[in-house]
Structures are given as structure tokens and as C-alpha cells.
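Student: I have a model open and want to go through its contacts. Can we take them one by one?

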Amino acid sequence: MSVQNSDKTVSRKQRLQEKQRRQLAVVDTVDKAEAKVRKAEVELAVAVTEAVQVFGDEQSASEGLDMPVEAIRRFLGMAQDEAASASDVAGAS
């Protein structure tokens, strides 16, 4: 039969609580950073869309921005998705 030391149990519990607190803090930090990245990507998508309009087409924008055509298309897709989401929200109101 073993005897448990109540100080050690409290210590283990405190360590676990501290670990969980740190994990939650890290998850919160990552969530906030992801939101900032998403916002920046949307802003970039809007800017790329404008650049395509100014340069005339995707290839010219690619050359003018020194950005691969695939990236231009990805950002154009994001901008279209955002516009569709915004119109869905506006239509639901």
C-alpha cells in the first residue's frame, strides 16, 4: 500500500493547470495571427485584382508585379470568393 503525498498531488495538479493555461494562450495567439494573415491575404487579393485591371490582364500584371501567374490567379480566386461571401451575407439580410 502506497501513501500519497498531498503536496505532490497539488504540485502535479498545478503543473497540469499551468501547462493547460500556456497551451490555451498559445492557441489564442495562433488564432489571432491566423485572423491577421487572412485579413492581409484579402487585402492583397483586392490589390492584385486592381493590378490586373490596371495592367490589362493576368500576364501583364504578373510581369508588372513580378509575381507568378499562378499566384495572381490564386489571389483573383480569393477576391471572387470574398465578393461572393459578401453578397451572400448582404442577400441574407
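Tutor: Yes. Start with a salt bridge: the side chains of arginine 38 and glutamate 82 meet, N to O, at 2.4 Å. Keep in mind that this is a predicted model.

Student: Which helices hold arginine 38 and glutamate 82, and how many residues apart are they in sequence?

Tutor: Arginine 38 belongs to helix α1. Glutamate 82 belongs to helix α3. The pair therefore ties together parts whose separation in sequence is 44 residues.

Student: How does glutamate 82 rank: buried, partly exposed or exposed?

Tutor: Buried means under 20% relative accessible area, and exposed means over 50%. Glutamate 82 has 29%, so it falls in between. Its partner arginine 38, at 36%, is partly exposed. Glutamate 82 is likewise partly exposed.

Student: How many salt bridges does a search of the whole structure find?

Tutor: One of them joins aspartate 28 to lysine 32, with the closest N and O atoms 3.3 Å apart. Both of these residues lie in helix α1, about one turn apart. The search of the whole structure gives a count of five.

Student: Why are arginine 22 and glutamate 18 separated by about one helical turn?

Tutor: An α-helix has 3.6 residues a turn, so residues three or four places apart point the same way. Arginine 22 and glutamate 18 form a salt bridge, with closest N and O atoms 3.8 Å apart. They are about one turn apart because their spacing in helix α1 is four residues.

Student: What span should helix α3 have, given its 24 residues?

Tutor: The expected span is 1.5 Å times one less than the number of residues. The end C-alpha atoms of helix α3, residues 69-92, are 34 Å apart. That agrees with the expected span, which is 34 Å.

Student: Which ring does the charged end of arginine 74 sit over?

Tutor: The charged end of arginine 74 is 4.5 Å from the centre of that ring. The ring's owner is among the buried residues of α3, a list that also includes Ile72 and Leu76. It is phenylalanine 75.

Student: Is valine 54 buried or exposed?

Tutor: Valine 54 is in helix α1, which covers residues 6-55. With Phe55 and Leu65, Val54 makes a nonpolar surface patch of about 270 Å². The cut-off for exposed is over 50%. Valine 54 has 65% relative accessibility, so it counts as exposed.

Terms used
Residues are numbered from 1 along each chain as its sequence is written. This is a predicted model: local features need pLDDT of at least 70, side-chain atom pairs count only at pLDDT 80 or more; totals for chains, interfaces and linings use all residues. Side-chain values use heavy atoms; hydrogens and water are left out. Patches are made of residues with over 30% relative accessible area and no salt bridge: like charges are joined within 9 Å, nonpolar side chains (Val, Leu, Ile, Met, Phe, Trp, Tyr) within 5 Å. Accessible areas come from the Shrake-Rupley method with a 1.4 Å probe; for residues, only the protein chains shown count as cover. A salt bridge is a side-chain nitrogen of Lys or Arg within 4 Å of a carboxyl oxygen of Asp or Glu. Helices (H or I, at least four residues) and strands (E, at least two) are DSSP runs, numbered from the N terminus. Buried means under 20% relative accessible area, exposed over 50%, partly exposed in between (1.4 Å probe, protein chains only). A charge sits over a ring if NZ of Lys or CZ of Arg is within 6 Å of the ring centre and within 35 degrees of the ring normal.
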